[in-house]
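Please examine the sequence and the three-dimensional structure displayed below. The explanation that follows is intended to be read alongside them.

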Amino acid sequence: MMETANWEYRNTRLLEKAGNQVDNSLQNRIDAGDNSQAAERSLVNTIDDVQQRFIARMTDIQDWRHLLEEEVGNLDTEIQALTQWKVYLGKQLEWSATPSAITNQCLQLRECRERHDLVQDAVEVTLHREMQTIQESQWNLQAKFDECVEELRALRSVKHMLVADHLDKVTALGIEDDCLNMQAPRFLTQPDPDQVNRDRAVDPATWQQFSDTNIKKSVEERARSESLRRGIKALLDSTVAALAEASQHVRMAFQQRLVEVKSAGELLVSQIAHEESEIERLEQSMSHLEQAIEEKNAPLQIAKDRLRERTKRPNVELVKDAVDAALRTQIAEIEASIKQLKESYASSYDHLKALRRAHLKMEQDLAIKNNSVQIDQHCMQLRKQLPSNPFTEVDAGCV
């Protein structure tokens, strides 16, 4: 049985211990309250900080999204402008096939000139120069067209990167906004976020540099495209000027050549008329010579007949008298006259043959020149069918 003193001591100790526990519990409650308030304040501060960082992050994304949208718009404008210049190049290439065909046709037609008119005249030289100018222009246009196609491919490639970057920004902005407005826990069964996609995560500097590099590439590509458009404009201007100048030289050469050939033809016509007149007069002269010869045959024959009849005189009557001498002189004179007339006739005949040969040659030459005139006139008519250059209608302000 416990003594009274021990019982009192035990009660005292129990009360003291209970009081200490109450005091400790009170202090713990006070400390817990303080800790809870501190944790609440810390949580509020952390949440506010996170909210501010979300807003700052979303602002950064918004800014880059706007920059990307602006640059994509600039790229679309540049692609549209360069595509239009590609169309101009294509039309110019297509158009250049027509003058090339016409020039080649003129060269082939002029191969049909005949004999001595088949010369390498000024028209021939200018036509070959025009063909060379057209071919060089076509080569330069095709090279620019290919360069334009390649530049459009590069612009679209850059645009693809910008659009993908912009889409990522839009997606990220939606995720950030969703996270900012999140009020209840999600993904309770998902793994630790620290272990998700950490190998693909990048630092903010790398993130910013990525979009900055994309925009810089786009700006550089647009600058190359603008330079190319200026080059295309300069090429088209020089091409139109060169082709117009070559065409003008050909036209002037055709006109000058036609004047020369027609003038030569007119001289031939005049000479042919003169020769025809001379041939007619010479033929009349030869006819007179024939008549004169014919007229002397009768007196000659009579004189010979007289001389022959007088040989029939008998015996001493066959005298070489004055009549005999006169008859013989008459015969000699008539024969000499006939010989001279025949020689004149022969000479006239030779001249007549020469005149006819010359007349034939000049008629042939006139036919050749008429053929040349018809060919060159046909060529000039063909060249009038050439359509106007399509680039002359392009607004230079679109560069």
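The paragraphs below proceed from the whole chain to individual residues.

The model is a predicted one. Its secondary structure consists of four helices, with zero strands, so that reading along the sequence gives the pattern α-α-α-α. Among these elements are helix H1 (4–110) and helix H2 (122–180), which are joined by a loop, and helix H3, which spans residues 204–310.

The overall dimensions depart from those of a compact globule. For 399 residues, such a globule would have a radius of gyration near 21 Å, whereas the chain has 60 Å. Along the principal axes, the C-alpha atoms occupy a box of roughly 240 × 35 × 25 Å. Buried residues make up 30% of the 399 in the chain. The exposed area is about 26300 Å², of which carbon and sulfur atoms supply 53%.

The contacts and charges of the chain may be considered next. Among contacts with a separation of 6 or more, 91% involve residues 24 or more positions apart. The side chains include 51 positive and 67 negative ones, and the centres of these two sets are 10 Å apart.

Helix H3 offers several residues for closer inspection. Arg222 is found in this helix, and it counts as buried because its relative accessibility of 15% is under the 20% limit. Which residues does Arg222 contact, leaving aside its neighbours within four places in sequence? The partners are Glu71, Asn74, Leu75, Glu78 and Leu155. Of these, Glu78 and Glu71 lie within the residue range of helix H1 (4–110), and Leu155 within that of helix H2 (122–180).

Glu226 also belongs to helix H3. Its relative accessible area is 28%, and it is therefore partly exposed, a class that lies between 20% and 50%. Glu226 and Glu78 are 148 residues apart in sequence, yet their C-alpha atoms are 7.7 Å apart in space. Glu78 is also one of the contacts of Arg222.

Leu228 is another residue of helix H3. With a relative accessible area of 5%, Leu228 is buried. Beyond its neighbours within four places in sequence, Leu228 is in contact with Leu82, Lys144, Glu147, Cys148 and Glu151. For Glu151, the separation along the chain is 77 residues, and the C-alpha atoms of Leu228 and Glu151 are separated by 8.5 Å.

The loop between helix H1 and helix H2 contains Arg115. The phi angle of Arg115 is near 45 degrees, which is a positive value in a residue other than glycine. Arg115 is exposed, because its relative accessible area of 58% is over 50%.

The cysteines form the final topic. A disulfide is a covalent bond between the sulfur atoms of two cysteines. How many disulfides does a search of the whole structure find? The search finds zero. Why does Cys379 not form such a bond? The closest cysteine sulfur to that of Cys379 is in Cys106, at 3.8 Å, which is too far for a bond because a disulfide requires the two sulfur atoms to be within 2.5 Å. Cys379 is itself buried, with a relative accessible area of 0%. Cys179, by contrast, is partly exposed, with a relative accessible area of 31%.

Terms used: Residues numbered from 1 in each chain as written. Predicted model: local features only at pLDDT ≥ 70, side-chain atom pairs only at ≥ 80, totals over all residues. Heavy atoms only, no water. Helix = DSSP H or I, 4+ residues; strand = E, 2+ residues; numbered from the N terminus. Rg over C-alpha atoms; globule rule 2.2 N^0.38 Å. Buried < 20%, exposed > 50% of the residue type's maximum accessible area, 1.4 Å probe, protein only. Contact = heavy atoms within 4.5 Å. Areas by Shrake-Rupley, 256 points an atom, 1.4 Å probe, with all protein chains shown as cover. Lys, Arg positive; Asp, Glu negative; His and termini not counted. Charge placed at Lys NZ, Arg CZ, Asp CG, Glu CD.
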